[in-house]
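Have the model open beside you as you read. We will go from the inside outwards, and then look at a few unusual spots in the backbone.

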Amino acid sequence: MRVITGLARGRRIKELPGLETRPTTDKVKESIFNIIQFDIEGRRVLDLFAGTGQLGIEALSRGAASCTFVDVRREAAAVIRENLTHTGLAGGVVIQGDYLAFLSGCQEKFDLLFLDPPYASGQLNRALETAAAIDIMSENGIIICESAAELELPCPSAPYEKGREYRYGKIKLTLYRRTVTG
């Protein structure tokens, strides 16, 4: 696993041992960042279910202003900190805690939100619905969900709109956007 481009281009990212973490493949990660390439620079990013932190680190490498990494596992938080140090990227804040507790107490707005929980956990729908209900995104904010291709994701209520879906074999990316309120 490596950083694809930007300030930390080519740097290897440490992975978590075992099978509990399923890192996003380089092909899917490259697709994510091709889709949002003009929506990264200077943005505030939230990498929920961060795992190794690779999505948020890629965003920081490409010019995001900041990234908050959230993962419930202590080992994941430690690996994210190591990866941030190894890549030399600034602007990363690592929080070891539950995603719902974080969302419920969050007072900040984000421009980009990565949602990539364990596929069979049922956490994706809950995280998406909670993020929309508390309106965690800035105007024109983008939520990128990675899921199993067969999972049907909900259409949240306004001001959130479900956008395009992209399929890569057994993996699906679904984009949501927070529209500008008049």
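This is a predicted model. Begin at its surface, with E152. At 56% relative accessibility, E152 counts as exposed, because the cut-off for that word is over 50%. E152 sits in the loop between strand 5 and strand 6, which spans residues 160-168. Exposed does not mean without contacts here. Beyond its sequence neighbours within four places, E152 is in contact with N125, K162, E165 and K172. With K162 there is a polar contact: the two side chains are joined at 3.4 Å. Now find V28, which is 124 residues away from E152 along the chain. The C-alpha atoms of this pair are 19 Å apart.

Next, go inside. The largest nonpolar core has 31 residues. Those with the most contacts inside it are I32, F33, I36, F69, F114 and I144. Which parts of the chain supply at least two residues each? The helices are helix 1 (26-35), helix 2 (54-61) and helix 3 (74-87). The strands are strand 2 (66-71), strand 4 (110-115), strand 5 (137-148) and strand 7 (171-178). Helix 2 gives the largest share of this core, 4 residues. Apart from this core lies another, of 24 residues. Among its members are L48, V70, L103 and A132.

Take I32 as a guide to the largest core. Leaving out residues up to four places away in sequence, I32 touches T24, L55, F114, I144, E146 and L173. I32 belongs to helix 1, where V28, K29, S31, I32 and F33 are buried. What covers these buried residues includes helix 2, strand 4, strand 5, strand 6 and strand 7.

Look more closely at helix 1 and helix 2. Two packed helices are described by the angle between their axes and the distance between the axes. The axes of helix 1 and helix 2 come within 11 Å and cross at roughly 45°. That angle makes helix 1 oblique to helix 2. Their crossing is right-handed. At the meeting place, K29, I32 and F33 come from helix 1. They meet Q54, L55, E58 and A59 from helix 2.

Just ahead of helix 2 is T52, in the loop between strand 1 (44-48) and helix 2. Is T52 buried or exposed? T52 has a relative accessible area of 3%, so it is buried. Its contacts beyond four places in sequence are M1, I13, K14, E15, L16, I57, V79, I80 and N83. A polar atom of the T52 side chain also lies 3.4 Å from the backbone nitrogen of Q54.

Now turn to strand 4 and find L112. At 0% relative accessibility, L112 counts as buried, since the cut-off is under 20%. Setting aside residues within four places in sequence, L112 is in contact with I36, D39, I40, R44, V45, L46, M137, I142 and I144. Compare L112 with C67: they are 45 residues apart in sequence, and their C-alpha atoms are 9.1 Å apart in space.

Helix 5 covers residues 123-133. Its buried residues are L124, A127, L128, T130, A131 and A132. An α-helix has 3.6 residues a turn, so residues three or four places apart point the same way. The buried residues of helix 5 pack against helix 4 (99-105) and five strands: strand 1, strand 4, strand 5, strand 6 and strand 7.

Last, follow the backbone. Most residues other than glycine have a negative phi, and most peptide bonds are trans. Where does this model depart from that? After helix 5 comes D135, whose phi is positive, near 55°. F49 is not a glycine, yet has a positive phi of about 60°. F49 is in the loop between strand 1 and helix 2. F49 is buried, with a relative accessible area of 13%. N140 is not a glycine either, and has a positive phi of about 65°. N140 has its place in strand 5. N140 is partly exposed, with a relative accessible area of 42%. Finally, the peptide bond from A158 to P159 is cis, with omega near 15°. P159 is in the loop between strand 5 and strand 6.

Technical notes
Residues are numbered from 1 along each chain as its sequence is written. This is a predicted model: local features need pLDDT of at least 70, side-chain atom pairs count only at pLDDT 80 or more; totals for chains, interfaces and linings use all residues. Side-chain values use heavy atoms; hydrogens and water are left out. A nonpolar core is a set of buried Ala, Val, Leu, Ile, Met, Phe, Trp, Tyr and Cys residues joined through side-chain atoms within 4.5 Å. Buried means under 20% relative accessible area, exposed over 50%, partly exposed in between (1.4 Å probe, protein chains only). Contact means heavy atoms within 4.5 Å. A polar contact is a pair of N or O atoms within 3.5 Å; within protein, one must be able to donate a hydrogen and the other to accept it, and residues adjacent in sequence count only if both atoms are side-chain atoms. Axes are lines fitted to C-alpha atoms, for helices over the stretch in contact, and angles run from 0 to 180 degrees between N-to-C directions. Angles under 35 degrees count as roughly parallel, over 145 as roughly antiparallel, 65 to 115 as roughly perpendicular and the rest as oblique. A crossing is left-handed if the near helix is turned anticlockwise from the far one by less than a right angle, and right-handed if clockwise.
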